[in-house]
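Visitor: Before we begin, please show me the model that we are to discuss.

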Number of protein chains: 2
Amino acid sequence: MGATDHEVLAAVLRIADGALQVLAWQRALEPDRGRWALPGGRLGADEDVETSVLRQLAEKVDLREVAHVEQLGVFSDPARVPGTRTVATAFLGLVPTDADPAVPADTAWRPLSARDTAFDHGLIVAAARDRLRAKLSYTNLGFAMAPREFTISALRELYVAALGHAVSATNLQRVLTRRGVLEPTGALAPPGPAGGRPAAVFRFTDRTLRVTDAFAVLKPPGEHGRGAVP
Amino acid sequence: MGATDHEVLAAVLRIADGALQVLAWQRALEPDRGRWALPGGRLGADEDVETSVLRQLAEKVDLREVAHVEQLGVFSDPARVPGTRTVATAFLGLVPTDADPAVPADTAWRPLSARDTAFDHGLIVAAARDRLRAKLSYTNLGFAMAPREFTISALRELYVAALGHAVSATNLQRVLTRRGVLEPTGALAPPGPAGGRPAAVFRFTDRTLRVTDAFAVLKPPGEHGRGAVP
DNA sequence: CCAAAAGTGTTGCGGATACACCCATGG
DNA sequence: CCATGGGTGTATCCGCAACACTTTTGG
């Protein structure tokens with residue numbers, strides 16, 4: 001029984017111009033020449049997949065810009081790539097909207113709707129988007145998309161872009177503050193050219209993943225409307 | 001850069017005697033001789049990991065007994081097993097409480113609390129238990145632990161065993177029926193020797209995984225208290 | 001008639017949404 | 001003083017949990 005190769009792949013997402021984008025590079029060689037592939041590469045002998053994906057990303061984008069990375073799963077269809085059998089461990093990565101890391105010449109931020117993806121990488125991007133959407137609603141994952149400090153309306157635009165549906169600024173603010181996810185910095189942002197009341201500036205209280213709405217039902221007795229369990 | 005081996009491992013759980021059990025086999029050879037390992041094995045050249053885990057399980061337990069299988073993730077610490085570098089894809093499997101499949105002589109159902117697990121398999125079992133607990137509260141995953149037909153109090157005992165805390169039969173019934181997860185068969189179960197009102201018999205409406213409590217908050221506008229989106 | 005087990009009615013709480021209303025700024 | 005954008009107050013809805021109460025059986 002032959003050994004298989006193992007690669008790690010990262011769907012690194014960010015929001016720009018009101019839409020989700022994914023980091024990809026254009027293949028210069030066959031197979032799938034001209035199509036766009038996710039960053040990644042072979043798993044090294046002395047690293048686990050988490051270490052490996054961080055190492056590989058460091059070659060494409062400054063690691064300090066990546067706010068969050070998590071495993072999505074294994075993609076292992078024997079025909080997923082031509083040539084040597086290769087199993088992939090896929091990751092979701094998130095870069096804040098205000099970070100604009102330098103990327104290599106063959107690499108670009110592309111809309112999620114693009115179809116000319118290499119191999120099965122379109123499946124991985126779809127899984128990444130679904131994971132992001134799900135976790136935005138029951139964790140503090142917004143911290144990984146947002147700048148350090150922001151106004152509620154700016155945050156609202158990020159949630160709209162990520163979730164793909166309307167979000168009320170009023171309720172977004174209330175939900176996130178009630179859960180202790182957001183806190184005001186005390187500063188005010190100057191109004192735009194059209195005027196208007198200056199917006200309060202907020203930040204996320206944590207910048208690591210936290211589940212804020214643990215399980216909806218069947219909580220242990222006595223935990224009535226308590227929400228998260230730390 | 002050397003190729004790595006790839007194995008699949010399954011933490012197959014069921015409930016017996018009011019507690020969760022995991023299927024494991026006792027190693028007869030070094031390394032980790034005498035310790036208990038999860039069923040699994042090498043990934044074949046012509047199969048993906050999902051196919052592989054089902055094939056490997058068929059050798060330990062009748063496949064028709066396994067009601068649900070899903071991927072947990074990749075375990076890839078370079079030192080996780082001695083010898084050739086081996087990456088594992090771990091799965092959660094569930095067997096209904098009334099199925100009692102024949103298992104090989106070296107294989108047994110063991111309590112989750114057992115410590116004499118081989119390699120990093122204890123980590124995998126813990127991940128499986130956590131996944132089960134989480135999904136019980138926002139999906140219909142109970143179908144994979146329960147018999148075809150059951151009373152609410154029998155189902156309650158399963159939930160207690162899986163979740164590890166008290167569950168009210170009253171609220172369990174209401175939550176699951178409101179969500180359309182359970183339906184009465186119309187039959188009644190005879191009371192026990194001590195008497196009592198005969199219990200209504202229920203079944204799960206679906207026997208495949210369905211998310212019933214999609215996202216707690218930030219629903220699309222107009223979806224007020226609608227819960228799941230099909 | 002009593003104990004035991006199952007099931008229903010009812011109350012209260014709290015999170016989430018929606019919407020009306022008030023606030024602060026630029027022109 | 002008006003348009004614009006930001007923020008708060010408040011009503012309503014609804015799921016869930018808790019608990020009292022009724023129903024149906026065996027002894």
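The questions and answers below go from the whole chain to single residues.

Guide: This is a predicted model, in which local features need pLDDT of at least 70, side-chain atom pairs count only at pLDDT 80 or more, and totals for chains, interfaces and linings use all residues. Residues are numbered from 1 along each chain as its sequence is written, chains are lettered from A and ligands numbered from 1 in the order in which they are written, and side-chain values use heavy atoms, with hydrogens and water left out.

Visitor: In what order do the elements of chain A run from the N terminus on?

Guide: Helices (H or I, at least four residues) and strands (E, at least two) are DSSP runs, numbered from the N terminus. Chain A has four helices and 10 strands. Their order is β-β-β-β-α-β-β-β-α-β-α-α-β-β.

Visitor: What percentage of the residues of chain A count as buried?

Guide: Buried means under 20% relative accessible area, exposed over 50%, and partly exposed in between, with a 1.4 Å probe and protein chains only. The C-alpha atoms of chain A fill a box of roughly 60 × 55 × 30 Å along the principal axes. Of the 230 residues of chain A, the buried share is 47%.

Visitor: Among contacts in chain A between residues at least 6 apart in sequence, what percentage join residues at least 24 apart?

Guide: Contact means heavy atoms within 4.5 Å. For chain A, with pairs at least 6 apart in sequence taken into account, the share that joins residues at least 24 apart is 65%.

Visitor: Which strands of chain B stand at the edges of the open sheet of three strands?

Guide: Two strands pair if DSSP finds at least two bridges between them. The open sheet in chain B has the order E8-E10-E9, with antiparallel pairing. Each edge strand has a single partner strand, so one side of each is left without a neighbour in the sheet; these are strand E8 (149–151) and strand E9 (182–189) of chain B.

Visitor: Which residue in E10(B) stands opposite Phe150(B)?

Guide: E8(B) and strand E10 (residues 199–204) of chain B pair in the antiparallel sense over three bridges. Opposite Phe150(B) in E10(B) stands Phe202(B).

Visitor: Which helix packs on this sheet of chain B?

Guide: The helix touches E8, E9 and E10 of chain B. Its direction, taken from N to C along a line fitted to C-alpha atoms (for helices over the stretch in contact, with angles from 0 to 180 degrees), makes about 90 degrees with that of E8(B). The helix is H3 (residues 152–163) of chain B.

Visitor: How does H2(B) lie relative to H3(B), and what word describes it?

Guide: The axes of helix H2 (residues 121–138) of chain B and H3(B) come within 9 Å and cross at roughly 135 degrees. Angles under 35 degrees count as roughly parallel, over 145 as roughly antiparallel, 65 to 115 as roughly perpendicular and the rest as oblique. H2(B) is therefore, relative to H3(B), oblique.

Visitor: Which residues in H3(B) do Leu132(B), Arg133(B) and Leu136(B) meet?

Guide: Leu132(B), Arg133(B) and Leu136(B) belong to H2(B). In H3(B) they meet Tyr159(B), Ala162(B) and Leu163(B).

Visitor: How many aromatic pairs are there over all chains, and how far apart in sequence are Phe150(A) and Phe204(A)?

Guide: Rings of Phe, Tyr and Trp (its six-membered ring) pair if their centres lie within 6.5 Å; planes under 30 degrees apart count as stacked, over 60 as edge-to-face and the rest as tilted. The count comes to two aromatic pairs over all chains. Phe150(A) and Phe204(A) form a tilted pair, 5.4 Å centre to centre with 50 degrees between the planes. Phe150(A) lies in strand E8 (residues 150–151) of chain A and Phe204(A) in strand E10 (residues 199–204) of chain A, and the separation is 54 residues.

Visitor: Is Phe204(A) buried or exposed?

Guide: Phe150(A) has 5% relative accessibility and counts as buried. Phe204(A) has a relative accessible area of 3%, so Phe204(A) is buried.

Visitor: With which side chain does the side chain of Asp120(A) make a polar contact?

Guide: A polar contact is a pair of N or O atoms within 3.5 Å; within protein, one must be able to donate a hydrogen and the other to accept it, and residues adjacent in sequence count only if both atoms are side-chain atoms. Asp120(A) lies in the loop between strand E7 (107–111) and helix H2 (121–138) of chain A, and is buried at 11%. At 2.7 Å, the partner is the side chain of Arg80(A).
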